[in-house]
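Visitor: Please take a close look at a single part of this model for me, namely the charged and polar side chains of the helices and what they meet. I would like one connected account rather than a list.

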Amino acid sequence: MNRETRLKRLRFRSWHRGTKEADLLIGGFFDARSDGWNDAEITLFEELLEEQDVDIMAWAIGTEACPPRYQGSIVDALKALNYVPIAE
C-alpha cells in the first residue's frame, strides 16, 4: 500500500473510533501531526490504533504509563494535547 493510501486509511480510522472524545483526541492529533511523519512513524501509529481508546487516552493525559514500544515522538506529541479544539 502506498503512503497516500495508508494515510487516508489512518485518517478514517482516527476519526471513527466510536466515541466523540476519542475521535477528537485521536483524529485531531492525526490531522495536526501526520503530514510530517516518516514511514516508521506511520507504522507505529497504525500499531497504536490497534490499542483500546481508553488506553490511548490514558497515555495522552498521563493517567497511565505508556508502554515502552509506543514511547517516543508520536506519544510525546500526543501528550501535548495542543491539537484538541476547545469551543469558547
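Guide: Arg 13 is buried, with a relative accessible area of 18%, a value that falls under the 20% cut-off for that class. The model is a predicted one, and in it the side chain of Arg 13 forms a salt bridge with that of Glu 50, at 2.7 Å from N to O. This pair links distant parts of the chain, since Arg 13 sits in helix α1 while Glu 50 belongs to the loop between α3 (39-48) and α4 (53-61), 37 residues apart. The two partners differ in accessibility, for Glu 50 is exposed, with a relative accessible area of 57%, whereas Arg 13 is buried at 18%.

A second pair begins just beyond helix α1. Arg 17 and Asp 53 meet through their side chains in a salt bridge of 2.6 Å, N to O, and here too distant parts of the chain are linked, with Arg 17 in the loop between α1 and α2 and Asp 53 in helix α4, 36 residues apart. In this pair both residues, Arg 17 and Asp 53, are buried.

A third pair joins two helices. The side chains of Asp 31 and Arg 11 form a salt bridge at 3.0 Å, N to O; because Asp 31 lies in helix α2 (residues 20-33) and Arg 11 in helix α1 (residues 3-15), the pair ties together parts that are 20 residues apart in sequence. Asp 31 is partly exposed, with a relative accessible area of 34%, and Arg 11 likewise counts as partly exposed, at 41% relative accessibility. These three pairs are among the seven salt bridges that a search of the whole structure finds.

Asp 31 also has a partner that carries no charge in this account, namely Trp 15, which is found in helix α1. The side chain of Trp 15 makes a polar contact with the side chain of Asp 31 at 3.0 Å, and the C-alpha atoms of these two residues, which are 16 residues apart along the chain, are separated by 9.4 Å. Once its neighbours within four places in sequence are left aside, Trp 15 is in contact with Asp 23, Leu 24, Gly 27, Gly 28 and Asp 31. At 24% relative accessibility, Trp 15 counts as partly exposed.

Ser 14, also placed in helix α1, is buried, with 0% relative accessibility. Apart from neighbours within four places in sequence, Ser 14 is in contact with Ala 22, Asp 23, Ile 26, Gly 27, Phe 30, Phe 45 and Leu 49. Asp 23 and Gly 27 therefore recur, since they are also listed among the contacts of Trp 15.

From helix α2 the account passes to α4, where Asp 53 was met above as the partner of Arg 17. The axes of α2 and α4 come within 10 Å and cross at roughly 55°, so the two helices are oblique to each other, and their crossing is left-handed. On the α2 side the contact is made by Glu 21, Ala 22, Leu 25 and Ile 26, and on the α4 side by Asp 53, Ile 56, Met 57 and Ala 60. Asp 53 thus takes part in this helix contact as well as in the salt bridge with Arg 17, while Ala 22 and Ile 26 of α2 are also in contact with Ser 14. In α4, the residues Asp 53, Ile 56, Ala 58, Trp 59 and Ala 60 are buried, and the buried residues of this helix pack against α2, α3 and α5 (73-80). After α4 comes Gly 62, whose phi is positive, near 85°.

Finally, helix α2 also holds Arg 33, which counts as partly exposed at 28% relative accessibility. The side chain of Arg 33 makes a polar contact with the side chain of Asn 82 at 2.7 Å, and, leaving aside neighbours within four places in sequence, Arg 33 is in contact with Ala 77, Ala 80, Asn 82 and Tyr 83. The C-alpha atoms of Arg 33 and Leu 78, 45 residues apart along the chain, are separated by 9.1 Å.

Key
Residues numbered from 1 in each chain as written. Predicted model: local features only at pLDDT ≥ 70, side-chain atom pairs only at ≥ 80, totals over all residues. Heavy atoms only, no water. Salt bridge = Lys/Arg side-chain N within 4 Å of Asp/Glu carboxyl O. Helix = DSSP H or I, 4+ residues; strand = E, 2+ residues; numbered from the N terminus. Buried < 20%, exposed > 50% of the residue type's maximum accessible area, 1.4 Å probe, protein only. Contact = heavy atoms within 4.5 Å. Polar contact = N/O pair within 3.5 Å; in protein donor to acceptor, adjacent residues only side chain to side chain. Axes fitted to C-alpha atoms, helices over the stretch in contact; angles between N-to-C directions. Parallel < 35°, antiparallel > 145°, perpendicular 65-115°, else oblique. Left-handed = near helix turned anticlockwise from the far one by under 90°.
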